2 protein chains.
Amino acid sequence: MALDLKKLDGIGWQENGQAVLSGMALAMLRRLDRLFLLWAGECGAEEYRFPTFIEAGQLHKLDYFRSFPHLVTFPVALDTSPEHLKEFSRSAVIDEAGVVQLGKCAPVREVLTPAACYHFYVLFQGTELKTARNLTTVATCFRREAYYRPLERQWNFTMREIVRIGAAEEVKDFLADYRARIERFLSDIGLPVAWENATDPFFDPSRNPKFLAQKLEPVKTEMVFGGALAIGSINFHRNFFGETFDMRRNGEAAFSGCVAFGVERWLYAFLSRFGPDERSWPSVLRSHGIAGDLANDK
Amino acid sequence: MALDLKKLDGIGWQENGQAVLSGMALAMLRRLDRLFLLWAGECGAEEYRFPTFIEAGQLHKLDYFRSFPHLVTFPVALDTSPEHLKEFSRSAVIDEAGVVQLGKCAPVREVLTPAACYHFYVLFQGTELKTARNLTTVATCFRREAYYRPLERQWNFTMREIVRIGAAEEVKDFLADYRARIERFLSDIGLPVAWENATDPFFDPSRNPKFLAQKLEPVKTEMVFGGALAIGSINFHRNFFGETFDMRRNGEAAFSGCVAFGVERWLYAFLSRFGPDERSWPSVLRSHGIAGDLANDK
């Protein structure tokens, strides 16, 4: 049964690919992220809060613009010369279709964060790690898509990540532990999720050696709800970020891996599976702290 | 005594005007926002979570681009034609100064949220309010500035707002109540804050009738910490948003007002006044839930 989000209290949809949340939907979203944060705490992950922008020069080191030019959004300010600002402020800047003509712009050096964990590799760039580091962050992430749907596919969405940077075995153990933990949870609550090998959504994939490498040796496993929607993923980056950002562990390029949760998609999966009213959700969800008195939740 | 933020644990500063928070600084920021949310709860404010972008066409109704062209940041994606994306992905897109050459861009219809409460006037556009509405939201806001400083002046910062939309007297009472509540709190904890009439930071102010109107009849009162830093403000919009967005109360254009908190600036004020280590903060802060065992706070 398809979920009619337009009839759900607390979810407002905008034609520009973004959602407004309030009431029970907002409370549920927070509870889900609190659950992920609890899981992050189980490995003692340190939490960070990063800015909305990330330096284009850092993403360029990852060959990001070659791989994902179709997804990227840039923050752009106007040229600061008083003449241009006067001209902009005087002229009619918006047309009937709601489009702004920017005219001359200031140099663009930033990107709107496309994935939460990139910030960590930039932060720990050029460091020798004495122990493996467990980290977590939640970020609003931005991906321009060909179409949008409430909660399922948004221009802005919320991503919680749990990350380990360390030696190869340390990272593999971490990812295996979290996979087992999440599998137990999903089976416990009865949310139908299949684990599927996947590749990142490269631009022009057949010409991209990174895509071909991912096809040969899968490094991304998605948690696929209802046969179609990836609500999270477990990613083994090998030593790709360690080499690119010169992070070392035991004298060698560090390995890294992350567990990523698309928080709005988890909300969608819960609403689809358990219904729009959390008061009728199974008691097992209460025992995990995800249901029960959400109306009064802050 | 000036606060050296570069020596403070948990605050990382980026040259692009943005901060990375972790540890105690992140825990303090959360506690401050929890306090504001508690205050919002005292008038039963409904909480909303808005997207990062707001439609340019809506801000245009406020004459925003004429008043604040120097502050605005736009989210810009590349032109979607496969030819342009191929060209962009193939060519060297970043120069030595870290600047990206975007080439052809997709039409720009959005703005990065400049102030949290605008979203409410768009949301309740064209409605007749049966009672005054009390609302709250926290948002990452974006203002391009001539210079940046950690916590004090950032390109991205966190703004919590408590808003009332209603009849003139309803809004005046609301603002007076909150001013009294905040004054009591500040006096109770001993944070030196002066209330000062202010104007919004208009572009080319002497030519802007809105600026002149604000000079004649002040509608913005700032909470100024240490003689220089506005950590919050109380704003009486009269029926400006009610008229612009056709919100009505008792058959007339609704009035509105907001109480706004710059969350990073509050953090700065607390660190400056009470010192970098919350374990030595006065016990009155503990009784308000702002200090005490922050290290274990999630």
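Guide: Two strands pair if DSSP finds at least two bridges between them. The strands themselves, like the helices, are DSSP runs numbered from the N terminus (H or I, at least four residues, for helices; E, at least two, for strands). Here, β7(A) pairs in the parallel sense with strand β13 (residues 248-249) of chain A over 2 bridges, and A:Glu128 stands opposite A:Arg248 in β13(A).

Visitor: Before we go on, what kind of model is this, and how are things labelled?

Guide: It's a predicted model, in which local features need pLDDT of at least 70 and side-chain atom pairs count only at pLDDT 80 or more, while totals for chains, interfaces and linings use all residues. Residues are numbered from 1 along each chain as its sequence is written, and chains are lettered from A and ligands numbered from 1 in the order in which they are written.

Visitor: What pLDDT does chain A average?

Guide: pLDDT is the predictor's confidence in each residue, from 0 to 100. Chain A averages 92, with 97% of the residues at 70 or above. The model's ipTM is 0.94 and its pTM 0.95.

Visitor: Back to the small sheet: which strands stand at the edges?

Guide: Its 3 strands run in the order β7-β13-β14 (chain A), as an open sheet with mixed pairing. β7 (128-129) and β14 (252-253) of chain A are at the edges; each has a single partner strand, so one side of each lacks a neighbour in the sheet.

Visitor: And how many residues of β15 in chain A are buried?

Guide: Count C-beta atoms, placed from the backbone: a residue is buried if 20 or more others lie within 10 Å of its own, exposed if 12 or fewer, and partly exposed in between. For strand β15 (residues 255-262) of chain A, 8 of its 8 residues are buried. Both faces are covered, with A:Phe255 and A:Val259 among the buried residues on one side and A:Cys258 and A:Ala260 among those on the other.

Visitor: Which strands pair with β15(A)?

Guide: Strand β9 (residues 156-166) of chain A pairs with β15(A) in the antiparallel sense over 8 bridges; A:Ile165 has A:Ser256 as its bridge partner. Strand β12 (residues 229-236) of chain A is also antiparallel to β15(A), over 5 bridges, and there A:Phe236 is matched with A:Gly257.

Visitor: Let's turn to the two chains. How many residues does each one give to the contact?

Guide: Two residues are in contact if their C-beta atoms, placed from the backbone, lie within 7 Å. Chain A gives 56 residues and chain B gives 56 residues. On chain A's side, that's 30 nonpolar, 15 polar and 11 charged. In that scheme, Ala, Val, Leu, Ile, Met, Phe, Trp, Tyr, Cys and Pro are nonpolar, Asp, Glu, Lys and Arg are charged, and the others, Gly among them, are polar.

Visitor: Which strands pair across the two chains?

Guide: Strand β2 (residues 18-22) of chain A and strand β3 (residues 46-49) of chain B do, in the antiparallel sense over 2 bridges. A:Leu21 stands opposite B:Arg49 there.

Visitor: What turn lays chain A on chain B?

Guide: Copies are superposed by least squares on the C-alpha atoms of residues with pLDDT of at least 70 in both. A turn of 180° with a shift of 0.0 Å along the axis does it, at an RMSD of 0.0 Å. That's the relation of a two-fold axis. In chain A, A:Pro75 has the C-alpha nearest the axis, 2.4 Å from it. The same surface serves both copies, as 100% of chain A's contact residues recur in chain B.
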